[in-house]
Amino acid sequence: MKIIIDAMGGDNAPQEIIKGTVETLNERKDFSVIFTGKEEIIKEELQKYNYPTDRVEIVNATEVIEMDEHPVEAIRKKKDSSLVVGQLLLKEKKGDAFVSCGSTGAVLACAQLRLGRIKGINRPALAPVLPNGKKGAMLIDCGANVDCKSVNLAQFAVMGSIYMEKVLGVTNPRVGLASVGTEDTKGNELSKATFELIKEQNLVNFIGNAEGRDLCDRVDVMVTDGFVGNLMLKSMEGFASFMIATMKKSFKASPIRMLGALLLKPALKDIKKAMDYNAYGGAPLLGVDGVVIKGHGSSKANTMHANISQAIKMVQAGVVDIIKENIPQMTVNE
């Protein structure tokens, strides 16, 4: 299996991107890598490590799409960027999956313009898996589509269910529709129409409406539009950071508390690990004709390990082909 890595994408590129990739190459032998980016810089960085050189290839790309650039304009103007070159390699079947920690908007735009959507999919969706103390819970969509119709959300439900079952091994995933209450009649016009459509099509294990807190234990897939989903995601990330910072400050307030923290250190490490969304890798872009993983912009080496592992699992599970097989059953057009 060959994974295409955008070496120049992300806040910590190329150092952490390459470091994490090399560490993963040394750990497992079931994949090889194509780095896309500035060849001289990539080669210089690779010289720091021992790695299986026969499993690493570099495809030179002279341009880099920055985080603050307009996505569509950047894709069209910077055709020799590491991001565009990488996705074109995927389209040409020269690799099995593409991983980038670069601009979210550019990754999305490029995937739709260069790879194209799966036939029958109206809108692709970003779908991160969040920690819940078990196998994780998917939030779909988390920002790719701020305005949606009921057919889009119904398709998100199918794609999310397929991913959770085939990649994470969740049997008969429970799919919930994000709303302001669990009663069937709750929600706005979009959620009410979506509720009826998902229920009518009967393609997933639909448990009905769900609240944000249900991501912890009641649902395996939470379906929402990208506007609400992104707010939910950023709120959870912010609260987790606040809680950890508050605990650190509180423990340092006195010598006795610091001693207590020392005694609690193993338990605190377990808590931090359980709350670390990076352990699940980036967000798969479901609905495009290829395996694309969008890693967090601040990804470091350990996160790259998770991103690559996630891409490998998605390829092995044949998620894209399974979505192609199931989506035609949805007869509603946008």
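**Exercise 1. Placing Thr194**

Task: In this predicted model, find which helix holds Thr194, and decide whether Thr194 is buried or exposed.

Solution:
- Step 1. Start with the position: Thr194 belongs to helix α7, which covers residues 189-201.
- Step 2. Next, look at accessibility. The relative accessible area of Thr194 is 0%, and buried means under 20%, so Thr194 counts as buried.
- Step 3. Finally, find its neighbours. Leaving aside residues up to four places away in sequence, Thr194 touches Ser150, Leu153, Ala154 and Leu177.

**Exercise 2. Reading the sheet**

Task: Work out the order of the strands in the open sheet of five strands, and say which strands stand at the edges.

Solution:
- Step 1. Going across the open sheet, the order is β6-β7-β10-β8-β9, and the pairing is mixed.
- Step 2. The edges are held by β6 (129-130) and β9; each has a single partner strand, so one side of each lacks a neighbour in the sheet.
- Step 3. Now take the β6 edge. Strand β7 (residues 137-140) pairs with β6 in the antiparallel sense over two bridges, and Val129 stands opposite Met138 in β7.
- Step 4. Add the helix on the sheet: α8 (residues 226-251) packs there and touches β6, β7 and β10 (221-223). The direction of α8 makes about 135 degrees with that of β7.

**Exercise 3. A closer look at Leu130**

Task: Describe where Leu130 lies, and find how far its C-alpha atom is from that of Ile65.

Solution:
- Step 1. Leu130 has its place in strand β6.
- Step 2. With a relative accessible area of 8%, Leu130 is buried.
- Step 3. Leu130 and Ile65 are 65 residues apart along the chain, and their C-alpha atoms are separated by 27 Å.

**Exercise 4. Strand β8 and its partner**

Task: Explain why strand β8 is described as largely enclosed, then find in which sense β8 and β9 pair.

Solution:
- Step 1. Strand β8 spans residues 174-178, and four of its five residues are buried, so the rest of the structure largely encloses this strand.
- Step 2. With β9 (residues 205-210), strand β8 pairs in the parallel sense over five bridges.
- Step 3. To see one facing pair, look for Ala178, which stands opposite Ala210 in β9.

**Exercise 5. Helices α6 and α11**

Task: Classify how α6 and α11 are oriented to each other, and list the residues that make their contact.

Solution:
- Step 1. Helix α6 (residues 150-166) packs with helix α11 (residues 319-326) at an angle of about 140 degrees, and their axes are 10 Å apart.
- Step 2. The two helices are therefore oblique to each other.
- Step 3. The crossing of α6 past α11 is right-handed.
- Step 4. On the α6 side, the contact is made by Val158, Met159, Ile162 and Lys166; on the α11 side, by Val319, Ile322, Ile323 and Asn326.
- Step 5. Sorted by class, the residues of this contact are six nonpolar, one polar and one charged.

**Exercise 6. Helices α1 and α2**

Task: Carry out the same steps for α1 and α2, starting from the angle at which they pack.

Solution:
- Step 1. Helix α1 (residues 15-27) and helix α2 (residues 39-46) pack at about 55 degrees, with axes 10 Å apart.
- Step 2. This angle makes α1 oblique to α2.
- Step 3. As for handedness, α1 passes α2 in a right-handed crossing.
- Step 4. Gln15, Ile18 and Val22 of α1 meet Ile42, Glu45 and Leu46 of α2.
- Step 5. By class, this contact has four nonpolar, one polar and one charged residues.

Conventions
Residues are numbered from 1 along each chain as its sequence is written. This is a predicted model: local features need pLDDT of at least 70, side-chain atom pairs count only at pLDDT 80 or more; totals for chains, interfaces and linings use all residues. Side-chain values use heavy atoms; hydrogens and water are left out. Axes are lines fitted to C-alpha atoms, for helices over the stretch in contact, and angles run from 0 to 180 degrees between N-to-C directions. Angles under 35 degrees count as roughly parallel, over 145 as roughly antiparallel, 65 to 115 as roughly perpendicular and the rest as oblique. A crossing is left-handed if the near helix is turned anticlockwise from the far one by less than a right angle, and right-handed if clockwise. Contact means heavy atoms within 4.5 Å. Ala, Val, Leu, Ile, Met, Phe, Trp, Tyr, Cys and Pro count as nonpolar, Asp, Glu, Lys and Arg as charged, and the others, Gly among them, as polar. Buried means under 20% relative accessible area, exposed over 50%, partly exposed in between (1.4 Å probe, protein chains only). Two strands pair if DSSP finds at least two bridges between them.
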